[in-house]
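Biologist: Please take a close look at a single part of this model, the place where the two chains meet, and keep the terms explicit.

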Protein chains: 2
Amino acid sequence: MAFVYVADLKKHAGQTVAVRGWLFHRRSAGKLHFLQVRDGSGVVQCVMGRKDVDEKTFELAGRATQESSVIVEGEVRLDERAPGGAELGVKKFEIHAMAEQPYPIAIQQHEHGVDFLMEQRHLWLRGPKSAATLRVRARVAQSIRDFFNNRGFFLVDPPILTPAACEGTTTLFNVEYFEDKAYLTQSGQLYMEAAAMALGKVYSFGPTFRAEKSKTRRHLTEFWMVEPEVAWATLDDIMNLAEEFVSFVVQRALETCREEFKVLERDPKPLEKIVPPFHRISYDDACAKVKAAGVEMKDEDDFGTPQEMAIVGDSEKPVMVHRYPTAVKAFYMKRDPQNEKRVLCVDVLAPGIGEIIGGGQRADDLRYLEDQIALHKLPRSAFEWYLDLRKYGSVPHSGFGLGLERTVAWICGNEHVRECIPFPRTIYRIYP
Amino acid sequence: MAFVYVADLKKHAGQTVAVRGWLFHRRSAGKLHFLQVRDGSGVVQCVMGRKDVDEKTFELAGRATQESSVIVEGEVRLDERAPGGAELGVKKFEIHAMAEQPYPIAIQQHEHGVDFLMEQRHLWLRGPKSAATLRVRARVAQSIRDFFNNRGFFLVDPPILTPAACEGTTTLFNVEYFEDKAYLTQSGQLYMEAAAMALGKVYSFGPTFRAEKSKTRRHLTEFWMVEPEVAWATLDDIMNLAEEFVSFVVQRALETCREEFKVLERDPKPLEKIVPPFHRISYDDACAKVKAAGVEMKDEDDFGTPQEMAIVGDSEKPVMVHRYPTAVKAFYMKRDPQNEKRVLCVDVLAPGIGEIIGGGQRADDLRYLEDQIALHKLPRSAFEWYLDLRKYGSVPHSGFGLGLERTVAWICGNEHVRECIPFPRTIYRIYP
């Protein structure tokens, strides 16, 4: 008997097949057991009538515990009402390993607090919403790669272990590197600039670390980030790229994640509106909007969550805010030739979640960059190689970084980023 | 004037287009300058006659320095002898930024030692062989993902920051994690086992760390590894998967990297033979082969490079060695029911490079695993979650890990893995 994945059952209508998986839920009604079996690809209801199997098997199914591993043989019956469109009329049933009782996580997960569920993350992954979120995550990651691969970008993996800080030292994790010290990367950008000078259009997509003490629904200490970098691109070019990119990823999710959105009770309607063009607004106009909304903020300051929410307002699309104050942005940003107090940068703020992209045009003038490194009190020796990129064939170039988990949270309609990564790391959590 | 990438020039035969890039090499002969311009997508020869441009431009081109950034406008002329199949008849030429002199890396790179080139890695990336190797790496990475995505595997990213060691503590990097201590992952496998119980077929593909003091041509402290894990799979299943996987990746490289192999002077012929089936040999038979080849080894010991080379011998295909001694393998391996001194594992050894894959079937019995954790003196508390996977619906399951850089080195015919990653990290190198 060939084994079939639940996701493929509809192709086997009328046939007798075998499914291997785990007993997610059982309901018994007199002469019938309704066994919901999940195998990772989906969940199928297996209906076992007392007369369909021998007495011992019927009795066994009646005491099968939640999450026991099972092998079920039966006839595939199409049924539009069934999740996945098919159910199985059981002919044979076997328990491979009976799960211990009680299973730590109740079927009604909301009975548990999030801390408890996170402690059980290795099992919680099996829950319908967790598994659906991880499937969306996998598909979003794939669409991100497809977008760049199809446009002639080369994947380049910047190092995780780095000798210097890219965006300030307060949020760095220290690593003992043999007799030396190293830091976990906060962004591969500086390396991606070197790669763009070699390969033209490049992107990285890997884990990134921030030792941030903030404990918010938007922060993880370890998260995945995609960072494209394009030689000869200006701020306008990269804003166009960001807009097309975000739209592509959202539209692809709509094509590939409909079943998952149902499980997650995510209304896909708002996502259908995520198409170019996005609204573009300067930092200065954004500040006016914040104040008009009655949200407090200091002049020339960066935005926090309340300000970002005020800027997005009731916009159905992400909002692109460009040209922030030089003082609140990183040393490598290119100054706006029209206004030296502004840099050619852009943040993309998504409805409900806030910043999902930060990027802009990079300083390409050697002297300016030398001054900035001194001004920011960064150790010049660690940046010699970076300065070389301006000595030998400097070109305008731009790029951005998009956080995967925030994007998945936004697409899934999930309030918390922590549920959008398989094993979240936060200031208080590094287990399991 | 629209800008065109060098790789697309052939589509514009007879047209006048503009190219942006860097001057890789210049040769002048009286009334002609031959300017080789690279833009990341390829290299094009731009031919400038004295009469084609004004005097100032011709003079400027004559003193343009290596790696200066340039904009060239000209007519696309198809020429089969030219690399890429086209050259540019220059009409306009502009230097965007003149590179300082001398450029640190000579055109004839072999004049430099590898240590010097590694110190200049941010510039060395621009060299034809470095860039070609990185292009192969990007395409191999893509084919790895395609293989698993197309077979219904879900991408799952295991954590990089982990509370415990998976394969022993001697080669772990320590991280200061707020008030606590963490380790950089050596393998995501244990987490992937949890994910396989949730999603069925999963794979991870991310950076992995080994604080190995060995300074060999096969070792990096930071490298990328792909790790599939399959619920219900046995050792035989995973050997079949490994064989198909490696063959797929090599055949795809042959389809997509022909130009790069020319640059790398890599004869593609040997790669054409990498198709299933691979030769399968037990550890015990492999030992006999080692001894027959006159290579020393201790009984029941693991293999090193000399032994691996003896086992591969003059085989044109990878060799799969299965069922190693229990004592030399990790605690989580499933014991061979036929021989308790052997575990159900497999290493795949590639010609010229040695081990590229390690994997096998995982222990699925709770008591056995508890004993192994005690026997290996591992902290039980750190593995409670892992034991849960055997308490709640244990199933047979198997997986493997493949090192990306070793695979790229093998495909490129490169002796050293260090040139197969953009910014290599070794015991002595963490810069740039």
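Modeller: What follows covers the interface, then one helix beside it, then the cysteines.

This is a predicted model, in which local features need pLDDT of at least 70, side-chain atom pairs count only at pLDDT 80 or more, and totals for chains, interfaces and linings use all residues. Residues are numbered from 1 along each chain as its sequence is written, chains are lettered from A and ligands numbered from 1 in the order in which they are written, and side-chain values use heavy atoms, with hydrogens and water left out.

With contact taken as heavy atoms within 4.5 Å, 98 residues of chain B touch 97 residues of chain A. The two chains bury about 7900 Å² between them, and carbon and sulfur atoms carry 65% of it; buried area here is the accessible area (1.4 Å probe) that two parts lose on being put together, summed over both. On the chain B side, the most area is lost to chain A by B:Phe178, B:Trp232 and B:Tyr392, together 11% of what that side buries.

Polar contacts are pairs of N or O atoms within 3.5 Å; within protein, one must be able to donate a hydrogen and the other to accept it, and residues adjacent in sequence count only if both atoms are side-chain atoms. By that rule, 35 residue pairs (both at pLDDT 80 or more) are in polar contact across the interface. The side of chain B that touches chain A takes the most residues, 10, from helix H4 (residues 128-150) of chain B; helices (H or I, at least four residues) and strands (E, at least two) are DSSP runs, numbered from the N terminus.

There are two salt bridges between chain B and chain A, a salt bridge being a side-chain nitrogen of Lys or Arg within 4 Å of a carboxyl oxygen of Asp or Glu. B:Arg137 forms a salt bridge with A:Asp157, their closest N and O atoms 2.4 Å apart.

In chain A, helix H12 (residues 384-391) has seven of its eight residues buried, that is, under 20% relative accessible area (exposed is over 50%, partly exposed in between; 1.4 Å probe, protein chains only). Among them are A:Trp385, A:Tyr386 and A:Leu387. The buried residues of H12(A) pack against helix H5 (189-199), helix H11 (366-375) and strand S18 (397-403) of chain A, and also against helix H3 (121-124) of chain B. After H12(A) comes A:Gly393, with a positive phi near 80°.

Disulfides, pairs of cysteine sulfur atoms within 2.5 Å, number zero over all chains. A:Cys420 has its nearest cysteine sulfur, that of A:Cys412, 5.5 Å away. A:Cys420 is buried at a relative accessible area of 0%, and B:Cys46 is buried at 0%.
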